[in-house]
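I sat down with this model today and kept short notes as I went. Here they are, in the order I looked things up.

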Amino acid sequence: MSVESSLKMLVSGVILDLDGTLLNTDALVVGVMKVFLVKYSKQWDGREVHKIVGKTPIEASAVIVQEYGLPCSTEEFMSEITPMFSDQWCNIKALPGACRLIKHLADHKVPMALASNSPRANIDAKINCHQGWKESFSVIIGGDEVRAGKPSPEIFLEAANRLNIEPSRCLVIEDSVPGLTGGKAAGMQVVAVPSIPKQSDLFTAADDLINSLLDLHLEKWGLPPFEDWIEGTLPIEPWHIGGPVIKGYGRGSKVLGIPTANLSTEGYSDLLSQHPSGVYFGWAGLSTRGVYKMAMSIGWNPYFNNTEKTIEPWLLHEFKDDFYGEDLRLVIVGYIRPEANFSTLESLIAKIHEDGRVAEKALDLPLYSKYKDDPFLRSSSL
């Protein structure tokens with residue numbers, strides 16, 4: 001499909017949300033709440049996450065107080081919890097693709113606004129921890145600087161006004177339903193990038209729905225396209241994971257005809273939360289066999305409807321025997337595509353083989369092949 005035929009609406013400026021869109025704030029919320037609720041002999045189980053995403057701090061606090069039956073008022077809860085969060089602002093990591101997006105738009109002089117339901121002071125504290133972010137935004141608006149936060153359109157209309165761009169020429173990028181609702185009510189184009197998995201059915205009003213910022217195609221909106229994709233792959237900052245190979249669902253070889261070397265996710269929940277579901281590739285080291293090319297899926301595998309986020313590497317080599325229990329070390333160096341559902345098993349298998357071919361070819365490029373010598377792949381222990 002040509003760029004011209006896939007254009008949705010030409011835009012002149014971009015309005016970004018912060019928490020859950022650019023920053024992995026959810027991970028901080030989980031960490032703080034697990035500690036805080038011990039005081040009341042409660043255990044954070046995440047059952048209310050979908051109710052607080054995109055809400056103002058006082059709205060989110062009211063939900064938690066009610067859901068957990070806490071013996072305190074919303075105001076008392078906020079006075080106790082706020083210092084715990086404030087001490088951690090600089091520990092919030094940027095979500096994959098966030099720095100890339102901000103730098104790309106800034107380099108191409110695309111006007112940007114940051115519009116968040118968080119108080120302005122919190123916004124400044126968070127973005128000051130990320131080099132180059134604050135100066136990249138022409139406009140920054142906090143939820144305490146408007147009369148009504150999202151889902152009201154006010155914060156978006158104010159951002160457009162300060163950017164001096166018509167609302168219809170603004171592209172909003174949001175992770176929450178309140179943000180989507182507010183952006184559409186303001187008459188803007190909205191790209192939804194849900195921060196909670198398996199919630200895509202709540203974002204049908206979005207003009208585009210993507211799995212992560214890595215999947216954003218700015219050319220759809222007449223903006224300068226990213227130019228860092230190489231032969232169907234996106235280079236990423238390498239990351240490492242490893243452990244003993246475990247028995248998985250038994251479907252890799254039996255159902256798909258593709259033997260995957262499953263890794264336990266135990267102890268890796270924080271690491272997995274930092275990376276969007278999708279198909280990646282890189283190098284795999286087996287303690288007694290050597291180093292091999294590999295493609296890997298992370299996610300819930302919609303076709304099989306996994307209940308947990310899994311890691312399923314496919315070593316691009318034919319082995320004569322199984323290697324359950326052997327130490328497997330992975331260096332992930334690139335991204336291929338988002339996780340997707342398939343209508344038939346045959347189409348799923350075909351896509352997996354295509355992913356394998358893409359990975360196989362890409363890993364011969366010097367950009368990726370150099371990581372074959374990463375010491376992690378040959379270390380004696382994890």
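I began at one bridge: G13 has C170 of strand 4 as its bridge partner. Strands here are DSSP runs (E, at least two residues), helices are DSSP runs too (H or I, at least four), and both are numbered from the N terminus.

Some ground rules for my notes: the model is predicted, so to speak, with local features needing pLDDT of at least 70, side-chain atom pairs counting only at pLDDT 80 or more, and totals for chains, interfaces and linings using all residues. Residues are numbered from 1 along each chain as its sequence is written, and side-chain values use heavy atoms, with hydrogens and water left out.

**The sheet.** I followed that bridge outward and found strand 1 (residues 13-16) pairing with strand 4 (residues 170-174) in the parallel sense over four bridges. Two strands pair if DSSP finds at least two bridges between them. I then read the order of the open sheet, 3-2-1-4-5-6, six strands with parallel pairing. Strand 3 (139-141) and strand 6 (208-209) are at the edges with a single partner strand each, so one side of each has no neighbour in the sheet.

**Across the sheet.** Helix 7 (residues 120-127) lies across strand 2 (112-115) and strand 3, at about 130° to strand 3. That angle is taken between N-to-C directions, from 0 to 180 degrees, with axes fitted to C-alpha atoms, for helices over the stretch in contact.

**Backbone oddities.** I looked up the peptide bond from K150 to P151 and noted that it is cis, with omega near 15°. P151 sits in the loop between strand 3 and helix 8 (154-163). S41, a residue other than glycine, has a positive phi near 55°, and I placed S41 in the loop between helix 2 (25-37) and helix 3 (49-52).

**Confidence.** Mean pLDDT, the predictor's confidence in each residue from 0 to 100, is 89 for the protein, and 93% of its residues reach 70 or more. Residues 1-5 stay under 50, with two contacts (heavy atoms within 4.5 Å) beyond four places in sequence.
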